[in-house]
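Visitor: I am new to this structure. Could you walk me through it, please?
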Amino acid sequence: MIILIGIMLAVGLVALGVNYLFRGRREAKREEQLEQRVTAYMQTIRREGGSPELAAMTDPELRDVLFSSARNLRIQSERKWFLLLGGCVVAFFSAIMVATQDGTRGFGIALLIGAIVLYGINEFLGRRMREPLAARGIDVERLRVE
């Protein structure tokens with residue numbers, strides 16, 4: 001058993017190292033896709049004239065607004081992901097503590113309550129991320145790079 005844990009730890013460290021080495025290439029590809037999406041979205045805004053505020057901007061201003069919006073969206077999305085990951089850990093350990101008192105039924109109920117709370121937090125943060133952009137007339141899905 002200890003040998004298996006050691007092997008898994010070594011494989012995990014190698015995987016983290018390889019991921020770290022290829023991080024720059026992945027970021028460059030992501031930036032390239034973001035630039036393509038911003039350019040395409042600028043053409044759509046000019047063609048459709050959706051928001052008068054956005055249509056009145058010059059090309060460099062609009063490009064800066066869209067790039068900063070996309071970067072802010074990515075940063076907030078990463079924060080949301082870390083918050084939800086931490087919430088999952090807290091919910092799981094809370095469920096374990098409840099299970100020590102109430103058994104399997106308590107474990108299941110605590111996990112269910114944790115899942116509902118995390119779903120609510122996810123929805124709240126997701127809407128809070130999109131509202132400022134939607135108020136300016138920016139379509140969030142056009143700027144999202146997966």
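Guide: What follows is a short conversation about salt bridges, the largest pocket and a surface patch.

Visitor: What should I know before we start?

Guide: This is a predicted model, in which local features need pLDDT of at least 70, side-chain atom pairs count only at pLDDT 80 or more, and totals for chains, interfaces and linings use all residues. Residues are numbered from 1 along each chain as its sequence is written, and side-chain values use heavy atoms, with hydrogens and water left out.

Visitor: How many salt bridges are there?

Guide: The count comes to eight salt bridges. The term stands for a side-chain nitrogen of Lys or Arg within 4 Å of a carboxyl oxygen of Asp or Glu.

Visitor: Why would such side chains pair?

Guide: Side chains of opposite charge can pair when their charged atoms come close.

Visitor: Which residue forms a salt bridge with R71?

Guide: The partner of R71 is E31, and their closest N and O atoms are 3.3 Å apart. R71 lies in helix α4 and E31 in helix α2, so this pair ties together parts that are 40 residues apart in sequence. Helices here are DSSP runs (H or I, at least four residues), numbered from the N terminus.

Visitor: Are those two buried or exposed?

Guide: R71 counts as partly exposed, at 37% relative accessibility, and E31 also counts as partly exposed, at 26%. Buried means under 20% relative accessible area, exposed means over 50%, and partly exposed lies in between (1.4 Å probe, protein chains only).

Visitor: What about E53, which residue does that one pair with?

Guide: E53 forms a salt bridge with R136, with the closest N and O atoms 3.4 Å apart. The pair links distant parts of the chain, 83 residues apart: E53 is in helix α3 (residues 52-55), and R136 is in the loop between α4 and α5 (140-143). E53 is partly exposed, with a relative accessible area of 41%, and R136 is partly exposed as well, at 33%.

Visitor: And where do R74 and E78 lie?

Guide: Both lie in helix α4, four residues apart, which is about one turn of the helix. Salt bridges that share partners join R74 and E78 with E27, E31 and R71 into one network. The side chains of R74 and E78 meet in a salt bridge at 3.9 Å, N to O. R74 is partly exposed at 26% relative accessibility, and E78 is partly exposed with a relative accessible area of 40%.

Visitor: Changing topic, what is the volume of the largest pocket?

Guide: The volume is about 330 Å³. On a 1 Å grid over the protein atoms alone, a pocket is an open set of points where a 1.4 Å probe fits, with protein on both sides within 12 Å along at least five of seven lines. Grid points are joined across faces, edges and corners, and the volume is the space filled by probe spheres set on the points.

Visitor: Which residues lie nearest its centre?

Guide: Of the 14 residues that line the largest pocket, R30, L73, R74, S77 and V145 lie nearest its centre. Lining residues have an atom within 4 Å of a point.

Visitor: Where does the largest share of the lining come from?

Guide: Helix α4 supplies the largest share, seven residues. Both α2 (23-48) and α4 (59-135) supply at least two residues of that lining.

Visitor: What is the lining like by class?

Guide: The lining has seven nonpolar, one polar and six charged residues. Ala, Val, Leu, Ile, Met, Phe, Trp, Tyr, Cys and Pro count as nonpolar, Asp, Glu, Lys and Arg as charged, and the others, Gly among them, as polar.

Visitor: One last pair: how many Å separate the C-alpha atoms of I7 and I113?

Guide: Those C-alpha atoms are separated by 36 Å, and the two residues are 106 residues apart along the chain. I7 is found in helix α1 and is partly exposed, with a relative accessible area of 46%.

Visitor: Finally, which residues form the nonpolar patch on the surface?

Guide: The patch is formed by V14, V18, Y20, L21 and F22, with about 550 Å² of accessible area together. Patches are made of residues with over 30% relative accessible area and no salt bridge, with nonpolar side chains (Val, Leu, Ile, Met, Phe, Trp, Tyr) joined within 5 Å and like charges within 9 Å. Accessible areas come from the Shrake-Rupley method with a 1.4 Å probe, and for residues only the protein chains shown count as cover. V18 lies in helix α1 (residues 2-21).
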